[in-house]
Every structure is written in C-alpha cells, then in structure tokens.
Amino acid sequence: MLILGIETTCDETAAAVVADGRTILSNVIASQALVHQPFGGVVPELASREHLRRLPRVVEQALQEARIGIRQVDRIAVAQGPGLIGALLVGINTAKGLALSLNRPLVGVNHVEAHLYAAMMGTSDPIPMPALGVVISGGHTALLKIEGQGRYQLISTTIDDAVGEAFDKVAALLGLPYPGGPEVEKLAREGDPSRYTFKAGVVKGKPLAFSFSGLKTSVLYAVKGVGSDKQSALAVPKEDLPHVAAAFQETALGDLVNKITLASHLYGCRSVVIGGGVSHNRRLRDLLLSSPLPIFWPPPGLALDNAAMIAGLAYHQAPYENLDLSAEPRLKPFWLSHNVT
Ligand code: KG4
Ligand code: ZN
C-alpha cells in the first residue's frame, strides 16, 4: 500500500511516500527556518503562508522522487495536530482536495504519535516488547510503556516545559539563533560542563516525572544574575557561554537518561524507542551507547518534523469514512485515545 503523507504542523513543509508503513520511497522536507529566524521563533501567520506557497511543489517532488504518479497512491495521510491552526489547515485542505479528486481514503494522524513511530521505522527487526517509548519534542516530554503497535500506557510526563522547549528557551537566553536546540548542542561541544553546576528538576513523589522550568531559570540566573529576567544583560563573560550550554545540556540529557533507565527497569521494558526532535542530539545518543537494552532511534531524516512518519503511521490506522476531518491544534495526547493496557 502506497501512502502519500503530508506534514504542516509547524514550520516544516513536508511530503513523503511510504510503502506498507515502512519502506520510505521519498521524504521531502522544506524548512522554513530562514523565514522565521529574524523573529527568534515561529511566526504562525508566516508559517501558514509559506506552507501554502511551498506545499504543491513539495508534494510533486515527493511523488517524483518516489517515481510514482499521483494515481498510484492508495491513501492520503495528513498530520491532524497538535500544531498551529493556520499551518494545519493548509496541509489538511490539500490532503482533502487530493483525497476527493483521486477518490482515495483520507487518514488523520497524531503528529506526536508519529514521532514515536518514526523510531520504529528504522529497523526491519522486530522490536522487543514491551518497549519504553520516549517522546522528546518541542511540545512534549513523555515516557510510555508500549505493548504493541498503538498500545500505550503513559508512565510519566513533564509538569511544565517540554525538554525541546527548554533547549529553545536556553538558546534564546544565550543569544543563539532560532531554532535553538541544535545551536545549544553545537555551542556545548566547545564547553566544559564541569564549570557550571545545574540541578535536574525533581517532582515530589513522582520520580519518573519531568520538570525543566527550574533548570531554565537556573541557567537564566547563572548568565544574567539572580532575580534577572530574559531581557537583562549578560553578567558573565561571553567565553563562559559554551560552558553554560554544556552544563545545561549534560543536566537535561542526564535527567532523561536516568529516568529512561529507571522506567525501563520498573516497567520491565525490553527495548527503548525514542522519537521527537531532541532525539537528533548526538550527545544524547552517546550517553545511551552503554545502555543494556537495545535502543531504537529515528532513521536519518526522521528525527525532526517530516511526512514519512505521518505516511508510515497512517498505514496502521483506519481511514475516515468521509472528508470530515478537522484541524486539531490542541489534539489530546495520543496515549489517551488508544486502549490503555
Ligand atoms: O519534534 P520536533 O521537530 O517538533 C515538535 O513536534 O515539537 O522537535 C523540535 C524540538 C525543538 O524544541 C528543538 O530545539 C529540539 O527539538 N531539537 C534539539 C535538537 N534538534 C532539535 N534539541 C536538542 N538538540 C538537538 N540537536
Ligand atoms: Zn514534531
């Protein structure tokens, strides 16, 4: 079954063709990073306009690279949310138009669940179950027990910021350009993490829950002084910023690794499946090299936002009976909409 996937939840315009939920025939991603960079973050209205401008060509390119004609597509899949409403509408209406004109079923996919599915697309071997699912994106941080395809039990989540959001906010504090996560990683490579000490967030009575807001404030106070705000001037020499970035990164990623280790032990997991933008971080991959459990990462091109993960997951989902699919900017967490084991 050939599925054409479309992804426009945020600032990546993407289309992909995937066969049988696994074989990636094409994966085209048009990044809008340069459009939003001058504003220090994603400007929703600009994102919608860019999607509108680019999506037709991105879809065409995905079909060309897959060497198929549009009529060979069996299903159209689209990210339904969560995301920016205007951006989602562009992808959803394009998908509806294609489904209607080609008379093909339409599948709406949860973007965050697709991030986790991306990690399962990197292997043709069966993933030992139960697996620990780790969602680390710009909007979500969660640990889940995965019993099988689409069967999740939530273990823990964050009580405040997502881990990717913490990277982005720290990047802004350090004066780094948007998108911040990869910039923090780059700067951290030049730093000595032992020069600053930060503490990972602890949630009382919930050893597996995350909290990144306090860590972000500690970084703010370290670079701009206690009681400062993000507008304040730097209180440390510029040469110290790589050390701060490195110490922050070690603390945030160390916290992830500790909780992954503890959760997989407590929940009897036989493997770990990691998805979401922060899985792109090389340091995280290094920290998990010594893990006793097999770790499944998204294959190249599938860690950050992409449409291959949308087309892949759609293979496992029932299509809509009609075109009655709405954009869901605040689509509820995917683990709430599946049978909890
Ligand atoms: O999963 P994603 O592409 O979009 C969402 O669905 O949120 O994740 C984007 C997040 C951003 O917060 C970004 O800063 C973070 O992933 N990120 C990274 C790295 N690359 C992307 N964080 C740390 N290190 C990276 N190399
Ligand atoms: Zn994403």
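The second largest pocket of this predicted model holds about 200 Å³ of space. Its lining consists of Lys 169, Ala 172, Leu 173, Lys 216, Thr 217, Leu 220, Lys 224, Lys 230 and Gln 231. The largest pocket holds about 1300 Å³. Two open sheets of five strands, ordered β3-β2-β1-β4-β5 and β8-β7-β6-β9-β10, are described below along with an aromatic pair.

**Second largest pocket**

- Helices α5 and α7 (213-224) each supply at least two residues of the lining of the second largest pocket.
- Helix α7 provides the largest share of that lining, four residues.
- By class, three lining residues of the second largest pocket are nonpolar, two are polar and four are charged.

**Largest pocket**

- The largest pocket is lined by 44 residues, and Cys 10, Ser 137, Gly 138, Gly 139 and Asp 168 are the closest to its centre.
- Strand β3 (23-31) and the helices α4 (111-120), α5 (163-173) and α6 (180-188) each supply at least two residues of the lining of the largest pocket.
- With seven residues, α5 gives the most to the lining of the largest pocket.
- The lining of the largest pocket has 19 nonpolar, 17 polar and eight charged residues.

**Sheet β3-β2-β1-β4-β5**

- The pairing in this sheet is mixed, and its edge strands are β3 and β5 (106-110), each of which pairs on one side only.
- On average, neighbouring strands of this sheet are turned by 20° against each other, direction ignored.
- Strands β2 (residues 12-19) and β3 run antiparallel and are joined by eight bridges; Ala 14 stands opposite Ile 29 in β3.
- Three residues lie between the strands in the hairpin of β2 and β3, where Asp 20 takes a positive phi near 50°.
- Strands β4 (residues 75-81) and β5 run parallel, with five bridges between them; Val 78 has Gly 108 in β5 as its bridge partner.
- Helix α2 (residues 44-65) packs on this sheet and touches β1 (2-7), β2 and β3, its direction making about 25° with that of β2.
- Helix α3 (residues 85-102) also packs on this sheet, touching β1, β4 and β5, and its direction makes about 160° with that of β4.

**Sheet β8-β7-β6-β9-β10**

- The pairing in this sheet is mixed. Strands β8 (151-157) and β10 (295-296) stand at the edges with a single partner strand each, so one side of each is left without a neighbour in the sheet.
- Strand β9 (residues 271-275) runs parallel to β10 and is joined to it by two bridges; Val 272 stands opposite Ile 295 in β10.
- Helix α8 (residues 241-266) packs on this sheet, with contacts to β6 (131-136), β7 (141-148) and β9. The direction of α8 makes about 155° with that of β6.

**Aromatic pairs**

- The structure holds five aromatic pairs.
- In one of them, the ring centres of Tyr 152 and Phe 334 are 4.8 Å apart and the planes stand at 80°, so the pair is edge-to-face.
- This pair links distant parts of the chain: Tyr 152 lies in strand β8 and Phe 334 in the segment after α10 (308-314), 182 residues apart.

How values were computed. Residues are numbered from 1 along each chain as its sequence is written. Chains are lettered from A and ligands numbered from 1 in the order in which they are written. This is a predicted model: local features need pLDDT of at least 70, side-chain atom pairs count only at pLDDT 80 or more; totals for chains, interfaces and linings use all residues. Side-chain values use heavy atoms; hydrogens and water are left out. Two strands pair if DSSP finds at least two bridges between them. Contact means heavy atoms within 4.5 Å. Axes are lines fitted to C-alpha atoms, for helices over the stretch in contact, and angles run from 0 to 180 degrees between N-to-C directions. On a 1 Å grid over the protein atoms alone, a cavity is a set of points where a 1.4 Å probe fits but cannot get out, and a pocket is an open set with protein on both sides within 12 Å along at least five of seven lines; lining residues have an atom within 4 Å of a point. Grid points are joined across faces, edges and corners, and a volume is the space filled by probe spheres set on the points. Ala, Val, Leu, Ile, Met, Phe, Trp, Tyr, Cys and Pro count as nonpolar, Asp, Glu, Lys and Arg as charged, and the others, Gly among them, as polar. Rings of Phe, Tyr and Trp (its six-membered ring) pair if their centres lie within 6.5 Å; planes under 30 degrees apart count as stacked, over 60 as edge-to-face and the rest as tilted.
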